[in-house]
Amino acid sequence: MTLRINVISIFPEMFDALGFGMSGRALEKKAIDLCLTNPRDFAKNRYRTIDDRPYGGGPGMVMMAEPLSAAIDAVSGIKTRGQSAGPVVYLSPKGRRMTQTDVELFAALPELTLIAGRYEGIDERVIQTRVDDEVSIGDYVLAGGEFAAMVLIEAVARLLPGVLGNDESAVQESFTSGILDYPHYTRPECFENLRVPEVLLSGDHKKIAAWRKQQALKVTKERRPDLLEKRSQGTD
Ligand code: ADE
């Protein structure tokens, strides 16, 4: 199965960065069909203008409703392919914060449309009429939604069947179990006088599993006690 991801951005070349590593493999194996659309191609004047000054004054520019909505409508399957293009997600610092649960839901869809905004944001009427979900990747402000969209795509790519190679790893590690990951070691056994914990060399798989669980709980308690509280409440 292929997940079609439509991306609307005035910098489509930035998404070349997805051609490496896990997302590169997802594209190569056609687990993801990435469809890039530039709102400039839908601008109404010969300068290809897609932004304008905000009504009411203030700093910066706002992405205009017309080119952006025309771009969304062009990729939205209803008009072009007679089917829904799945949810339209706007990446924005004032969106709800994305979690691994959201990533899992996105990965299970057949199609997804991402809007990467620039400047101070997009005209509110595009959100009203065409956006289903406004999502932030964290409490900090980026200069545009492109990197946020790529973060979402990479997080989704590694969950798609056949992409990781080892389907177990995606399920086992951090956040899927609701807590942080345990520490990892590989050869050599001694590095700058630091030895690999003895238990990992013991071959006792039960003991190793117990040690890893205890380490994961310890680091979670120290760094993200909120995750342990959420887990005990059974909420996301
Ligand atoms: N665009 C700018 N900042 C962002 C953020 N934190 N998350 C998603 N999109 C953004």
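# Ligand site and backbone features

The residues around the ligand are Leu 91, Ser 92, Pro 93, Val 135, Ser 136, Ile 137, Gly 138, Tyr 140, Val 141, Leu 142, Gly 144 and Ala 148. The model is predicted.

User: What makes Ala 148 one of the residues around the ligand?
Analyst: A residue counts as near a molecule if one of its heavy atoms lies within 4 Å of it. Ala 148 is listed around the ligand, so it has a heavy atom within that cut-off.

User: Why is the pair formed by a nitrogen atom of the ligand and a polar backbone atom of Tyr 140 called a polar contact?
Analyst: The distance is 2.8 Å. A polar contact needs a pair of N or O atoms within 3.5 Å, so this pair qualifies.

User: Which distances put Ile 137 and Leu 142 in polar contact with the ligand?
Analyst: A ligand nitrogen is 3.0 Å from a polar backbone atom of Ile 137. For Leu 142, a polar backbone atom also has a ligand nitrogen at 3.0 Å. Both values are within 3.5 Å, therefore both pairs are polar contacts.

User: How much of the ligand does the protein cover?
Analyst: On its own the ligand has 270 Å² of accessible area, and the protein covers 97% of that.

User: What makes it correct to say that the ligand sits in a pocket?
Analyst: The ligand is assigned to the second largest pocket. That wording requires more than half of the ligand atoms to lie within 2 Å of the pocket's grid points, so this condition is met.

User: Which elements give two or more residues to the shell around the ligand?
Analyst: They are β5 (88–97) and β7 (133–136). The most comes from β5, with 3 residues.

User: How many residues of each class are in the shell?
Analyst: There are 8 nonpolar and 4 polar residues, and no charged ones. Gly counts as polar, so Gly 138 and Gly 144 are among the polar residues of the shell.

User: What is the omega value of the peptide bond between Arg 187 and Pro 188?
Analyst: Omega is about 5 degrees, and the bond is cis. Pro 188 is in the loop between α7 (167–172) and β8 (190–191).

User: What is particular about phi of Arg 48?
Analyst: Phi is near 60 degrees, a positive value in a residue other than glycine. Arg 48 is in the loop between β2 (32–37) and β3 (51–52).

Notes: Residues are numbered from 1 along each chain as its sequence is written. This is a predicted model: local features need pLDDT of at least 70, side-chain atom pairs count only at pLDDT 80 or more; totals for chains, interfaces and linings use all residues. Side-chain values use heavy atoms; hydrogens and water are left out. A polar contact is a pair of N or O atoms within 3.5 Å; within protein, one must be able to donate a hydrogen and the other to accept it, and residues adjacent in sequence count only if both atoms are side-chain atoms. Accessible areas come from the Shrake-Rupley method with a 1.4 Å probe; for residues, only the protein chains shown count as cover. On a 1 Å grid over the protein atoms alone, a cavity is a set of points where a 1.4 Å probe fits but cannot get out, and a pocket is an open set with protein on both sides within 12 Å along at least five of seven lines; lining residues have an atom within 4 Å of a point. Helices (H or I, at least four residues) and strands (E, at least two) are DSSP runs, numbered from the N terminus.
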